[in-house]
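Dear colleague,

I am passing on the structure we spoke of, and I would be glad if you would read the notes below beside it.

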Amino acid sequence: VASTFASALAVALSFPAARALALHERAAGAYGASSFYLGLAAVDILAGLAPPLAFSLALYFLAGFQATAAKFFVFAGISCLGTAAAAALAAAVAALCRSEAATFAVLPFLLRAAVCVNSFMKPPADQATAWRVADAISYMTYYYNALLINELSGLEVACAPEEVDGLGECASPEAFLAAGGYDELSIGANVGILFAYAGVCHAGAYAAVRWLKR
């Protein structure tokens with residue numbers, strides 16, 4: 001969560017100045033909206049990779065997660081994609097609000113709301129209809145669920161005698177995922193939705209840059 005917020009706020013801070021410069025240079029015929037936005041988005045995406053990669057390297061093995069290369073790289077990739085989705089949301093808000101004051105009135109609310117309504121707070125299987133709608137539009141839902149499935153799938157656990165259920169069995173991580181409804185979408189589906197979410201946000205930001213002239 002911290003790395004997604006950091007990247008989103010960095011984009012929000014830099015976007016208004018970049019937009020003002022682009023409007024001036026576009027008026028002079030230096031380049032078009034597409035060139036400006038593609039360049040800005042590419043820089044933001046590449047710069048935004050550092051926090052989640054550093055976070056993954058610092059946390060993953062210290063936290064005792066499954067020590068396999070495949071699990072680690074999936075974790076790092078999902079972390080980067082979640083951060084990119086947050087940064088794309090920040091770009092859309094900054095482009096549509098068109099002022100730093102308005103951006104910082106709207107963006108923190110949206111970021112906090114994304115955290116408060118996602119599956120970390122309430123398992124999908126226990127959500128009421130209204131909550132599920134809010135859950136479905138939060139990028140954090142797909143980010144968190146993908147990370148959870150990656151870590152718990154194939155995880156072997158040992159239970160103390162008092163933790164064994166009435167059938168004489170130790171509840172498996174896969175059973176936890178199924179009971180909570182976290183596995184309704186696969187890792188691939190969650191990743192695909194995160195890509196789509198980022199794409200829609202970038203499309204909205206580009207449209208604002210292209211047609212909102214002031």
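What follows describes the nonpolar cores, one helix and a surface patch.

This is a predicted model, in which local features need pLDDT of at least 70 and side-chain atom pairs count only at pLDDT 80 or more, while totals for chains, interfaces and linings use all residues. Residues are numbered from 1 along each chain as its sequence is written, and side-chain values use heavy atoms, with hydrogens and water left out.

The largest nonpolar core (buried Ala, Val, Leu, Ile, Met, Phe, Trp, Tyr and Cys residues joined through side-chain atoms within 4.5 Å; buried means under 20% relative accessible area with a 1.4 Å probe, protein chains only, exposed over 50%, and partly exposed in between) has 45 residues, of which Phe15, Tyr37, Leu89 and Tyr139 touch the most other members. Among the elements that give two or more residues to this core are α1 (2-27), α4 (69-97) and α9 (187-211), helices here being DSSP runs of H or I with at least four residues, numbered from the N terminus. The largest share, 15 residues, comes from α4.

Leaving aside neighbours within four places in sequence, Phe15 is in contact (heavy atoms within 4.5 Å) with Tyr37, Leu40, Ala91, Ala94, Ala95 and Val209. A second, separate core of five residues includes Leu148, Leu152, Leu177 and Tyr182.

In helix α8 (residues 173-180), the buried residues are Pro173, Leu177 and Gly180, and what covers the buried residues of α8 includes α7. After α8 comes Gly181, whose phi is positive, near 80 degrees.

Finally, Leu13, which lies in helix α1, is exposed, with a relative accessible area of 51%.

With best wishes
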